[in-house]
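Before relying on any label attached to a structure, it helps to ask what the label rests on. The exchange below takes such labels in turn and sets each value against its cut-off.

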Amino acid sequence: MPTYDCLIVGAGPAGIGMGSVLQDLGVRHFSILERADIGASFAMWPREVRMITPSFTSNAYGMMDLNAIALNTSPAYTLGTEHPSGEDYANYLHAVAAYKQLPVQCGIDVTGIEPVDSGGFEVQTQAGKLTAQTVIWAAGEFQYPDLGSFPGAEYGIHNSLVQEWKHIEGDDIVIVGGYESGADAAIHLAHLGKHVTIIDRKGHGLKKGSSDPSVELSPYTKDRLRQVEEGRIDWIGGYEVQWIEADEHERYLIYCEDAEGQSRMITTMAQPILATGFKGSLGIIESLFARDEQGKTRLTESDESTVTPGLFLTGPSVIHGQLLFCFIYKFRQRFGVIGDAIARRFELDRKILETYHKEGLLLDDLSCCGETCTC
Ligand SMILES: Cc1cc2nc3c(=O)[nH]c(=O)nc-3n(C[C@H](O)[C@H](O)[C@H](O)COP(=O)(O)OP(=O)(O)OC[C@H]3O[C@@H](n4cnc5c(N)ncnc54)[C@H](O)[C@@H]3O)c2cc1C
């Protein structure tokens, strides 16, 4: 069985972006293992959903399209739209994979990874075992929703499992979670003529004061909220759902509590929507990463596991201190950092990484991140 120099798990933006780096560096024997198809998570988005980060053909003036994941590419250029749908963005990822001639193997579901004593890894898949010197984990979060964040969560439907918002029944909808996914669901449902109550533990919708869209709603979402008819959306900030029950009248009873222990019950006839986020795919290889006391994954400066050398993490689960890399324009900046570590390991020419640095795909000095805007 041939041993790969590197196997990438997942062909979303993180996997296709990392594959492009390995191709540019001339890594000889690598492959991208994808359980479904390139961009599969995007293809699963509800049809009405659009990306919140805008795409623009700004590359020629040294500012890469915010949603681009590879040098010299731009979703705005390929798709001709500012806010791509999931299907649009999956098409862009297909275009990049074809342009870079990436070795993607679709239909390969990775079920585990075992470090091998002699070095490298055995990668277990439903189609058999593969071996690799290094592995880059890029399996993302979307296909691993958090379905059990409180008792009774099974009464709700997770937003990632909704195919079209128009299929949601009922006039009075409760959404648990008020960050981007919750706000997006509320906007679609409000435009369908429904009344929506958002239970928002952190008060994202009411917040002002952070320039980081990982903390506060994006300008695009705020614009869209302003277009919703007055009174269609009620925002309950600062309350956390404790549990959900169903009663004999086919009602859902949603019990919440605020930070002072004040409780409140919200009743609805419609199945609650859970916009409660994702557990993420790291559960498959949990033991191969260490976590700090707050549960955050520990990574080296090269986004390599601190306990499993040769295993790298890319994508929205990357975290360094307070810096969350949960948007494409953020996590793509670490592609070059992982590429650099792999190129050193295989003693490859790293000259192309100067271009990565210049284009914002190699950010190794994190002290420049997290700046707040003064106006
Ligand atoms: C509704 C919504 C809107 C969003 N809007 C934006 C936005 O506007 N801008 C932005 O920057 N971000 C946005 N995001 C976040 C963005 O989609 C994610 O950060 C991004 O998809 C992460 O990329 P990824 O490649 O890590 O994961 P994914 O896109 O989930 O790709 C992972 C790939 O791995 C495959 N895979 C999973 N498990 C396995 C396995 N075990 N074996 C093999 N293959 C596997 C999957 O099939 C998938 O193709 C949005 C997210 C959602 C849900």
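**Labels and the values behind them**

Q: Why is Gln101 called exposed?
A: In this predicted model, Gln101 has a relative accessible area of 65%, and exposed means over 50%, so the label applies to Gln101. The residue sits in the loop between helix 4 (86-99) and strand 3 (104-106), and Gln101 has a positive phi of about 50° although it is not a glycine.

Q: Why does Glu347 count as exposed?
A: The relative accessibility of Glu347 is 74%, which has to be set against the cut-off of over 50% for exposed residues, and therefore Glu347 counts as exposed. Glu347 is located in the loop between helix 8 (335-345) and helix 9 (352-359), and, although not a glycine, Glu347 has a positive phi of about 50°.

Q: What makes Glu229 an exposed residue?
A: Glu229 has 53% relative accessibility, and because exposed is defined as over 50%, Glu229 counts as exposed. Its place is the loop between helix 6 (219-226) and strand 10 (233-237), and the C-alpha atom of Glu229 is separated by 24 Å from that of Gln163, 66 residues apart along the chain.

Q: Why is Glu248 described as exposed?
A: The relative accessible area of Glu248 is 67%, and the definition asks for over 50%, so Glu248 is exposed. Glu248 belongs to the loop between strand 11 (239-246) and strand 12 (252-258), and its C-alpha atom is separated by 46 Å from that of Ala11, with the two positions 237 residues apart along the chain.

Q: Why is the chain said to be as compact as a globular protein of that length?
A: The chain has nine helices and 17 strands. Its radius of gyration is 22 Å, and the globule rule gives 21 Å for 375 residues, so with the two values close to each other the chain is as compact as a globular protein of that length. Along the principal axes, the C-alpha atoms fill a box of roughly 65 × 45 × 35 Å, and buried residues make up 51% of the 375 residues.

Q: What makes the pair formed by Glu34 and the ligand a polar contact?
A: An N or O atom in the side chain of Glu34 is 2.6 Å from an oxygen atom of the ligand, and because a polar contact is a pair of N or O atoms within 3.5 Å, this pair qualifies. A nitrogen atom of the ligand is 3.1 Å from a polar backbone atom of Arg35, and an oxygen atom of the ligand lies 3.3 Å from a backbone N or O atom of Pro13. The ligand taken alone exposes 980 Å², and the protein buries 92% of that.

Q: How do you know which classes of residue form the shell around the ligand?
A: Sorted by class, the shell has 23 nonpolar, seven polar and four charged residues. Of the 34 residues around the ligand, those that come nearest are Glu34, Ser41, Ile52, Tyr144 and Ile328; because Ile and Tyr count as nonpolar and Glu as charged, Ile52, Tyr144 and Ile328 fall in the nonpolar class and Glu34 in the charged class.

Q: Which helix gives the most to the shell around the ligand?
A: Helix 2 does, with three residues. Helix 1 (13-25), strand 2 (30-34), helix 2 (40-43) and helix 7 (328-331) each supply at least two residues of that shell.

Methods. Residues numbered from 1 in each chain as written. Predicted model: local features only at pLDDT ≥ 70, side-chain atom pairs only at ≥ 80, totals over all residues. Heavy atoms only, no water. Near = heavy atom within 4 Å. Polar contact = N/O pair within 3.5 Å; in protein donor to acceptor, adjacent residues only side chain to side chain. Areas by Shrake-Rupley, 256 points an atom, 1.4 Å probe, with all protein chains shown as cover. Helix = DSSP H or I, 4+ residues; strand = E, 2+ residues; numbered from the N terminus. Rg over C-alpha atoms; globule rule 2.2 N^0.38 Å. Buried < 20%, exposed > 50% of the residue type's maximum accessible area, 1.4 Å probe, protein only.
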